[in-house]
Amino acid sequence: MAKKKAIKPHKSLTYDVKPKKARRIKFKLEDCGDRPGPDIEGRLEFYNHCVDIHLNGYGTNDMADGYGSPIALDYCDGKVQVLVWSDINSQEPDKINMENALETNRETTEDDIDDAWSRFIGNHIQPSRLFAIATDLIEQTDEDANHFKKCPMCLRTLRNYQGFKE
Ligand SMILES: [Zn+2]
């Protein structure tokens, strides 16, 4: 079995996969401003580990005109990065690590905790309703019955109220 070659992010974008093997989608950008410039055509090229964005007229330092992709979304060594070659006279791209955009990195605020807690409480049967069920003021619904099956806390409160009744 051939040993898998280590892939360096920015080299892989241009050298590791022959362009023919990529899947391409063409697109056209229309200027949204008040004094619009001409449309710009481009294409997305899909590789296993990256998506290259080509824009006609825009290139990179190491590729001939028409072949460079100045923007790439790259996945390597567990990192998702956006690589941007914003200067054709510079070889090094700006790298934006997307790690901080992970939903799992969202900070939990006091409000989030309060919301979660009131949702949790809201899912229980309210004490006044439990009391009404326990004292036969109202009939328990199927929804209540299902809740009692799953929630020892509400069931125990109901039993307490029923004990109080007797
Ligand atoms: Zn409950």
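**An antiparallel sheet of six strands and two positive phi angles**

In strand 4 (71–76), the residue that serves as bridge partner of Val51 is Leu73, where strands, like helices, are runs assigned by DSSP and numbered from the N terminus (at least two residues of type E for a strand, at least four of type H or I for a helix). The structure is a predicted model, in which local features need pLDDT of at least 70 and side-chain atom pairs count only at pLDDT 80 or more, whereas totals for chains, interfaces and linings use all residues. Residues are numbered from 1 along each chain as its sequence is written.

The pair Val51 and Leu73 belongs to the contact between strand 3 (residues 50–55) and strand 4, which pair in the antiparallel sense over four bridges; two strands are said to pair if DSSP finds at least two bridges between them. Strand 4 also pairs with strand 5, again in the antiparallel sense, over six bridges, and here Ala72 stands opposite Leu83 of strand 5. Strand 5 in turn pairs with strand 6 over four antiparallel bridges, with Asn97 of strand 6 as the bridge partner of Gln81.

Taken as a whole, six strands form an open sheet in the order 1-2-3-4-5-6, with antiparallel pairing. Its edge strands are strand 1 and strand 6 (94–97), each of which pairs on one side only. On average, neighbouring strands of this sheet are turned by 20° against each other, direction ignored, the axes being lines fitted to C-alpha atoms (for helices over the stretch in contact) and angles between N-to-C directions running from 0 to 180 degrees.

At one edge, strand 1 is joined to strand 2 (residues 40–46) by seven bridges, and the two run antiparallel; Arg23 has Phe46 in strand 2 as its bridge partner. Of the seven residues of strand 1 (residues 23–29), zero are buried, so the strand lies largely in the open. A residue counts as buried if 20 or more other C-beta atoms, placed from the backbone, lie within 10 Å of its own, as exposed if 12 or fewer do, and as partly exposed in between.

Positive phi values in residues other than glycine occur at Asp77, with about 50°, and at Asp136, with a value near 60°. Asp77 lies in the hairpin of strand 4 and strand 5, which has two residues between the strands, and is exposed, with 9 other C-beta atoms within 10 Å. Asp136 is found in the loop between helix 3 (127–134) and helix 4 (142–150), and is likewise exposed, with 10 other C-beta atoms within 10 Å.
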